[in-house]
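Dear colleague,

I am handing over the structure below for your consideration. A summary of what was found in it follows.

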Amino acid sequence: MHHGGEHEAYIDVILDDQFDPDSPTTVVGDRVTFSCRYGFIEGHGYACSVATPPGDCSNALRGAQLSREEALQHEWLPRFWDVVDLIIEKDPTVRKHFGLDPQ
């Protein structure tokens, strides 16, 4: 997306403590979805911030959709940031969108 001429991306990360790849929509343990926005923040340049998604997107695949406040207090927040860092550092589509790789 572009807003005000700046690039931005919204990233959702689903974390589950007992994921079963043979039955991905079956929640056995805890499953939650964290959301964030990566984009330009005045005075900070490009940065990532935890976000509350618009509306309720909760379902069996996504588990509980965390609000910003819930996400910031959740014990899995460091795991979420690890995944987001990996996406921004390694995903070729995201890197191209933000001009992070030399052409």
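**Aromatic residues and overall form**

Please note that the model is predicted. Tyr 46 is partly exposed, because its relative accessibility is 34% and the partly exposed class runs between 20% and 50%. This residue takes part in an edge-to-face aromatic pair with Phe 40, in which the ring centres are 5.9 Å apart and the planes meet at 75°. Phe 40 is likewise partly exposed, with a relative accessible area of 30%.

Six aromatic pairs are counted in total. One of them joins Tyr 38 and Tyr 46 in a tilted arrangement, with 6.2 Å from centre to centre and 35° between the planes. Tyr 38 has a relative accessible area of 11% and is therefore buried, the limit for that class being under 20%. Tyr 38, Phe 40 and Tyr 46 belong to one aromatic cluster together with Phe 98.

As to the chain as a whole, it contains five strands and three helices. Their order from the N terminus is β-β-β-β-β-α-α-α. The C-alpha trace spans about 45 × 30 × 25 Å along its principal axes.

Of the 103 residues in the chain, 32% are buried. The exposed area is about 6,600 Å², of which carbon and sulfur atoms supply 53%. Among contacts between residues at least 6 apart in sequence, 51% join residues at least 24 apart.

Finally, the chain carries 18 negative and 8 positive side chains, and the centres of these two sets are 6 Å apart.

Yours faithfully

Terms used:
Residues numbered from 1 in each chain as written. Predicted model: local features only at pLDDT ≥ 70, side-chain atom pairs only at ≥ 80, totals over all residues. Heavy atoms only, no water. Phe/Tyr/Trp six-rings, centres within 6.5 Å; stacked < 30°, edge-to-face > 60°. Buried < 20%, exposed > 50% of the residue type's maximum accessible area, 1.4 Å probe, protein only. Helix = DSSP H or I, 4+ residues; strand = E, 2+ residues; numbered from the N terminus. Contact = heavy atoms within 4.5 Å. Areas by Shrake-Rupley, 256 points an atom, 1.4 Å probe, with all protein chains shown as cover. Lys, Arg positive; Asp, Glu negative; His and termini not counted. Charge placed at Lys NZ, Arg CZ, Asp CG, Glu CD.
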